[in-house]
Amino acid sequence: MNHVANPPKASNPPPAPPSLYERRKQIYPKLAHGKFRMIKWVVMALTLGAYYIVPWIRWPRGEGIPDQAVLADFAGEKFYFFFITIWPQEIFYLAGLLIVATFGLFLVTSLLGRVWCGYTCPQTVWTDLYIWVERAFEGDRAARMRLDKAPWSLNKAVRKIGKHIVWLIIAFLTGGALILYWHDAPTIARTFFTGQAPLTAYFFAGLLTLTTYFLAGWMREQVCTYMCPWPRIQGALTDEYALNVTYRYDRGEPRGPLRKEQGFEGRGHCIDCKQCVQVCPMGIDIRDGAQLECIHCALCIDACDDIMTRVGRPTGLIAYDTDLAVATRAAGGKPVYKLLRTRTVLYAVLMVAISALILVGLAKEPTFEINVLKDRSPPFVQLANGDVRNGYTLKLVNKATTARDTMVSISGLPGAEFEIIGLSKPDGAKEMELPLEQYGVDRFRLLVTAPAASLPHRSSLDITVLDPVTGESHTSSAAFTTAGAE
Amino acid sequence: MSDQHTEIDAHSGVETTGHTWDGIQELNNPLPRWWLIVWYISIAWALVYMVLMPAIPALPGLGSTNTPGLLGQSDRSLVAEKVAAMNAERGVASQRLMAASLTEIQNDLNLQQFAMEMGESAFGDNCATCHGAGGRGAKGYPMLADDIWLWSGTLDGIEQTIRHGIRHEGDDATRFSAMPAFGRDKLLTSSEIDDLVQHVLSFSGRDTDAAAAAEGSTIFAAQCATCHGANAKGDRSVGAPDLTDAEWIFGGEPSDIEATISNARNAHMPAWQGRLDDPTIKALAVYVHSLGGGE
């Protein structure tokens, strides 16, 4: 401000400053027909179908255990996925699954660009469904634009209200289906409407209803452009060989309206009909090249192929291609496509390796586990007769769906005797019976007594639990301390 | 810099805001308008929140507290509600605890686990201050995990000790005995006490002055054997400790023993009946019993 202390009064008022905020431009995507539109319908049917049907699949596991095939059971602290049951201490399997999924996403992105965005992202799928509903009530692009411009009438009100009601129903079904994954589906579906469901169920059903309605009905492409981090991240995952929805300017330019008498001599194949722009749910022009907004749904390919067929040109003016190939062709060279690249191979290898680790881990899954926790206070107890006793907490996880009797024994500590509080052991017996309840964690208090004279400050013993029926046995080592010399 | 002269930037094709500084121009990539609206809504929401919820601290006239908010939300009352809910939930399991005898609790593994968990937390809150974590004991406070007991180590005996305490005034059923303060009350002379100390040390096979110990043995028979027994094995009915083992609650050095004989110890433990509810006392008995020394 120091260089103009007193600006001279301008005779003309200065022009209005540019707006720093921009009103959303309403997009009216036109219905496309063709191969990719069909793929998108199929993917929508499969993903939405799976989302709504999966929680209803039953998978009997045994008495008293949830029989829902896919269930995140927070109350019971377990995660069920068909034949897999994940206990809290095995949560790393879920982490592994997420890592595999992440590398899967990296792999398809480095091969085919943003196919996740274009076909399977929930935002894309639900928006697609909402646009389908919109089209059913208000017609296709031109009719919708006309309706929005028209003054309010009964016809307009009925169409608009009908659309929003159906949107809200879909939104509620979306939020309602989500909670089915956290509770027994038939039970929660009933108690939800009788008012007995937990507050969290209502909260999340309500939240998902609202977000679905607003994000798929009102926000649409702005979610991808302004909110989603994935468009930014994917820039680091692709390279010049990743296939993207690309306008082949080497073939299309110079563009211009088609004149019957002129034909295609000395010009490009793009007739500038703007069909690719009209079908675009993001409201962009693919001919401007790769853009952050583009979700690569390939609907512009369908629209353009349709036109190319009609004007008697080969299809694929817009196609899955790379900028590098287009540039090479434009320069008269022969494009190279590389699917096998260091990064794609690496992603695939990592996916296979981590999946293999998970599968091996699950296959070797023991049917019970033993954990021994030594008392820290007091570290040992001097008995009246001079013997020393150490106390332990024995935690046993029984993953079998039936109760069973195991045998517990100790070894490695000469002259040691043991007892378990609340269970009787015949005097002098080397092992004793330990009943495990079905499918749960049992805690026992184990006391081990040994003549102190011969023992150093710290020695160790092994605690073995054996299932005599299956022969499965697990051993855990624990320290035994006395007042002896270090 | 404020002449608002906007132009289209040649490089990016984006309109400028007209702000320039040292030749650097600012591009105008407009924010979506709903973003601005969301910001305004957030501000409005913050105002609503401030009225509804506890918010502004230390206003004049409020002292050190804050505006309470119209909804009367308070974390203190939330905690109280949760404690009440937990007590109600625990009440159901506590009823099972009350219906079962102590032995039944210990032999029913489910009930035992419940009592152990409950007892462990109650022990940490109420008992560990003196008896130490896990009942490890301290000078003047008996270890609870060994097999040496002053009064009783059975489930019922432990429960009685917890319920009524030891030498607890105002509880008629409290465990009671009183060792005379032989020195302070001049029942024995100083040299008699020295002889007695030597004799007491001899019970647990310690090195002693044999002549003094012989003198002390007469005094022991006359003054101490009534409670501690002729063989010094103690008497649990009066809480008299066994003097022949290596365990000394108040220390086993000659000076410690002399102090004990001179002044008597007569330690106290409060009665917990009325301070803890019945299920908690029962759970504590099971827990202490299971520490290792239970009989």
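1. A residue counts as buried here if 20 or more other C-beta atoms lie within 10 Å of its own. By that yardstick, 27% of the 295 residues of chain B are buried, and for chain A the figure is 26% of 486 residues. Please keep in mind, as you read on, that this is a predicted model.

2. Let me start with chain B, whose layout is pleasant to follow. Three strands and eleven helices make up its secondary structure, and from the N terminus the order is β-β-β-α-α-α-α-α-α-α-α-α-α-α. The chain is more spread out than a compact globule, because its radius of gyration is 36 Å, well over the 19 Å that the globule rule gives for 295 residues. Along the principal axes, the C-alpha trace of chain B spans about 115 × 50 × 45 Å. As for its contacts between residues at least 6 apart in sequence, 52% join residues at least 24 apart.

3. Chain A has 15 helices and 15 strands. Its radius of gyration comes to 34 Å, well over the 23 Å from the globule rule for 486 residues, so chain A too is more spread out than a compact globule. Its C-alpha atoms fill a box of roughly 115 × 65 × 60 Å along the principal axes. In chain A, 72% of the contacts between residues at least 6 apart in sequence join residues at least 24 apart.

4. One sheet of chain A deserves a look on your screen. It is open and antiparallel, with four strands in the order 12-10-14-15. Strand 12 (431-436) and strand 15 (473-481) of chain A are its edges, each pairing on one side only. From one strand to the next, the twist averages 30°. Within this sheet, strand 10 (residues 404-411) and strand 14 (residues 458-466) of chain A pair in the antiparallel sense over five bridges. To find the register, you could look at Ser411(A), whose bridge partner in strand 14 of chain A is Asp462(A).

5. Which residues cover the two faces of strand 5 of chain A? In this strand (residues 244-247), Asn244(A) and Thr246(A) lie on one side and Val245(A) and Tyr247(A) on the other, and all are buried. Strand 5 of chain A runs antiparallel to strand 6 (residues 318-321) of chain A, and four bridges join them. Here Tyr247(A) stands opposite Ile318(A) of strand 6 of chain A.

6. Now to where the chains meet. The contact takes 26 residues from chain A and 28 residues from chain B. On the side of chain A that touches chain B, at least two residues each come from strand 1 (21-22), helix 9 (221-227), strand 8 (381-382), strand 9 (388-398) and strand 13 (440-450) of chain A. Strand 13 of chain A gives the most, with three residues. By type, the residues on this side of chain A divide into 13 nonpolar, six polar and seven charged.

7. A strand pairing also links the two chains. Strand 1 of chain A and strand 3 (residues 31-32) of chain B run parallel and are joined by two bridges. Tyr21(A) stands opposite Leu31(B) in that strand of chain B. As a general reminder, strands of a sheet pair through backbone hydrogen bonds, either parallel or antiparallel.

8. What about the nonpolar cores? The largest has 48 residues, of which Val448(A), Ala115(B), Ala283(B), Leu284(B) and Tyr287(B) touch the most other members. Helix 4 (residues 109-126) of chain B supplies the largest share of this core, seven residues. Ala283(B) is a good place to zoom in: leaving aside neighbours within four places in sequence, it is in contact with Leu97(B), Ala115(B), Met118(B), Gly119(B) and Ala122(B). Apart from that core lies another, of 33 residues, with Ala32(A), Val125(A), Val245(A) and Ile295(A) among them.

9. Finally, is Met145(A) buried or partly exposed? Met145(A) sits in helix 5 (residues 141-149) of chain A. It is partly exposed, because 14 other C-beta atoms lie within 10 Å, whereas a buried residue needs 20 or more. Measuring from C-alpha to C-alpha, Met145(A) and Asp387(A) are 92 Å apart in space, with their positions 242 residues apart in sequence.

Terms used:
Residues numbered from 1 in each chain as written. Chains lettered and ligands numbered in written order. Predicted model: local features only at pLDDT ≥ 70, side-chain atom pairs only at ≥ 80, totals over all residues. Rg over C-alpha atoms; globule rule 2.2 N^0.38 Å. Buried ≥ 20, exposed ≤ 12 C-beta atoms within 10 Å, placed from the backbone. Contact = placed C-beta atoms within 7 Å. Pairing = 2+ DSSP bridges. Axes fitted to C-alpha atoms, helices over the stretch in contact; angles between N-to-C directions. Nonpolar A, V, L, I, M, F, W, Y, C, P; charged D, E, K, R; others polar. Core = buried A, V, L, I, M, F, W, Y, C linked by C-beta atoms within 7 Å.
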